[in-house]
Amino acid sequence: MFVLAAYTANMVSMLLKQNGAQITSITEAISLKAEICCQVNQEAALLSKYPGAAPFLRVFKKRSEVLAGIDIGACRVAIASTEELEAAHAAGQHCDKAAVGDPLLS
């Protein structure tokens, strides 16, 4: 499973993955028809750049729900900022996830 990292404003988007996952890009996730968790405020920008993702998006209101979406099986990949992932790692959470690939959105 993967986590896709997306940033708003001055943030840069990155793909994050769960350790052992095989998906390495959002285009690969879309081609595999993998569910993609994202926060509601990221949905429009993501669909603008990757319209093929629409059927696979699982949209959450809270940031904390996005990474948890992978853990509960709602999605195989997710959009989150690397800052969010680093903060989760510092708190001992989601340590099984890592950033991969090129930036998605900026």
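In the predicted model, 58% of the contacts between residues at least 6 apart in sequence join residues at least 24 apart. The protein has four helices and six strands, and their order along the sequence is β-β-α-β-α-β-α-β-α-β. The protein comprises 106 residues, of which 44% count as buried. Its accessible surface amounts to about 5,300 Å², and carbon and sulfur atoms account for 53% of that area.

The interior was examined in terms of nonpolar cores. The largest nonpolar core contains 15 residues, and those with the most contacts inside it are I26, I30, I36, Y50 and I79. Two elements, α1 (26-31) and β3 (36-39), give two or more residues to this core. The largest share, three residues, is that of α1. Another core, of six residues, lies apart from the largest one and has C37, V66, C75 and A78 among its members.

Two of the residues named in the six-residue core are also linked covalently: a disulfide joins C37 to C75, with an S to S distance of 2.0 Å. The structure holds one disulfide. The dihedral about the S-S bond is -105°, and the link between C37 and C75 is left-handed. Because C37 belongs to strand β3 and C75 to the loop between α3 (63-71) and β5 (77-78), the pair ties together parts that are 38 residues apart in sequence. Both ends of the link are covered: the relative accessibility of C37 is 0%, so C37 counts as buried, and C75, at 1%, counts as buried too. The surroundings of C75 also include a pairing across the sequence, since the C-alpha atoms of C75 and R58 are 7.1 Å apart in space, with these positions 17 residues apart in sequence counted as their separation.

Two further cysteines were considered. The cysteine sulfur closest to that of C38 is the one in C37, at 7.9 Å, which is too far for a bond. A disulfide requires sulfur atoms within 2.5 Å. C38 has a relative accessible area of 0% and is therefore buried. C95, in contrast, is partly exposed, with a relative accessible area of 47%.

Helix α3 precedes the loop that holds C75. The buried residues of α3 are V66, L67, G69 and I70. Viewed down the helix axis, these residues fall within an arc of 140°, and they therefore line one face of α3. An α-helix has 3.6 residues a turn, so residues three or four places apart point the same way. One of the buried residues of α3, V66, is also a member of the six-residue core. The helix is followed by G73, which has a positive phi, near 85°.

A second region of contact with α3 involves H94, which is placed in the loop between α4 (82-90) and β6 (97-100). The relative accessibility of H94 is 16%, and H94 therefore counts as buried, the limit being under 20%. With residues up to four places away in sequence left out, H94 touches L67, A68, D71, L85, A88 and H89. The side chain of H94 takes part in polar contacts with two side chains. One of these contacts, of 3.2 Å, is with D71. The other, of 3.0 Å, is with K97.

The backbone of H94 was noted as well. Most residues other than glycine have a negative phi, and most peptide bonds are trans. The phi of H94 is positive, near 55°, although H94 is not a glycine. K33 is likewise a residue other than glycine with a positive phi, of about 60°. K33 is found in the loop between α1 and β3. As to accessibility, K33 counts as exposed because its relative accessibility is 59%, whereas H94, at 16%, counts as buried.

Technical notes: Residues are numbered from 1 along each chain as its sequence is written. This is a predicted model: local features need pLDDT of at least 70, side-chain atom pairs count only at pLDDT 80 or more; totals for chains, interfaces and linings use all residues. Side-chain values use heavy atoms; hydrogens and water are left out. Buried means under 20% relative accessible area, exposed over 50%, partly exposed in between (1.4 Å probe, protein chains only). Contact means heavy atoms within 4.5 Å. Accessible areas come from the Shrake-Rupley method with a 1.4 Å probe; for residues, only the protein chains shown count as cover. A polar contact is a pair of N or O atoms within 3.5 Å; within protein, one must be able to donate a hydrogen and the other to accept it, and residues adjacent in sequence count only if both atoms are side-chain atoms. A nonpolar core is a set of buried Ala, Val, Leu, Ile, Met, Phe, Trp, Tyr and Cys residues joined through side-chain atoms within 4.5 Å. The arc is that of the directions from the helix axis to the C-beta atoms.
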